Amino acid sequence: RDSVCVGAMEFVVEEGKRVNEECSTLILPALSIGNVGQLAVDLLVSSTGADRVGYLDDPYLLPCVGNDAYGPLPCGEIALPLEVYESSSTATTLALQRSPVAKGMMIKFAENIADFAASSGKKHVIVLSSLDFQRLHHNLDMSRGPQVYYLSNAEANGRDDHCERLGFGRLNEYDSEGRCWKYLSSVFEENSKEELTFPAEDELEDIDYYPSLPFAALFSAFKARGLKVTCLLCYCSEGDNIPDAFLLAEAASKLTGLTPDKFHGEEGGKWQIPYSWKSMYGAPPDMSMF
């Protein structure tokens, strides 16, 4: 197997596989409440028929191992903490992160994944993540149903015309001059002369919630590497987050111009539910008890 070291992160290409240089868009999750970003990438991998080309070995990811998540039968394919899939038909690379980053190491991890994206020729990075529903302003119009929010580096205030046309709402809580956002920028900018610190846990205010999340570190790291980056976000609570995963996966499809006819669903043009989801909530209840 071939491997390429990107800083402290190693990209291991599977034996017999070749990386497609035309896959210039990278989609990956940022871990947060309900694991919605992970589920959305899971759904995109399954539905696009993406092929695993390798995995990223990073010292700051907690270890985990499991069986193949996409085949109907156990085939001996080991699922690892951070895998790389490619969908040649959609020119998309998908990175699926299955385990959390070690406490206090998110900055280092974000640096490594940004270096990987830049060195592998990615032009656009899409980060999928969720936000705590309790942070949502209750005066918003909830009659529209679940809303997708975005944050982009297309403009200094986070606005992006393409996202606006798609009906996504800009994350108004983003403030590039806010103390925590400025701290993230200073950490990842190589020539930054500012020596800022992130507030202590007991000093955090409500507005500091957003830049304290993994998506913010990833956004700042990709931005510092000169890559176009778009974060797609939705508010949710813990529980059955499958509808939220569909919401973010559909948003990512719209953003990249993916059409359902390129999906590999059972009926053609439909989403393909990953086999691993069948046991997401365990076995059904024994109906004889009712």
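**Exercises: Glu-111 and Ser-220**

Leaving aside residues up to four places away in sequence, Glu-111 touches Val-187, Phe-188, Ala-221 and Arg-225; contact means heavy atoms within 4.5 Å. The model is predicted: local features need pLDDT of at least 70, side-chain atom pairs count only at pLDDT 80 or more, and totals for chains, interfaces and linings use all residues. Residues are numbered from 1 along each chain as its sequence is written, and side-chain values use heavy atoms, with hydrogens and water left out.

**Exercise 1.** Place Glu-111 in the fold and classify its exposure.

*Solution.*
- Step 1. Find the element: Glu-111 sits in helix α2, residues 106-119. Helices are DSSP runs of H or I, at least four residues, and strands are runs of E, at least two, numbered from the N terminus.
- Step 2. Read the accessibility: Glu-111 has 22%.
- Step 3. Apply the cut-offs: buried is under 20% relative accessible area, exposed is over 50%, partly exposed is in between (1.4 Å probe, protein chains only). Glu-111 is therefore partly exposed.
- Step 4. Check a distant pair: Glu-111 and Leu-218 are 107 residues apart in sequence, and their C-alpha atoms are 7.9 Å apart.

**Exercise 2.** Is Ser-220 buried or exposed, and what does Ser-220 touch?

*Solution.*
- Step 1. Ser-220 belongs to helix α5, residues 214-224.
- Step 2. Its relative accessible area is 6%, so Ser-220 is buried.
- Step 3. Not counting residues up to four places away in sequence, Ser-220 touches Trp-181, Leu-184 and Phe-188.

**Exercise 3.** Describe the whole chain.

*Solution.*
- Step 1. Count elements: 6 helices and 10 strands.
- Step 2. Of the 290 residues, 48% are buried.
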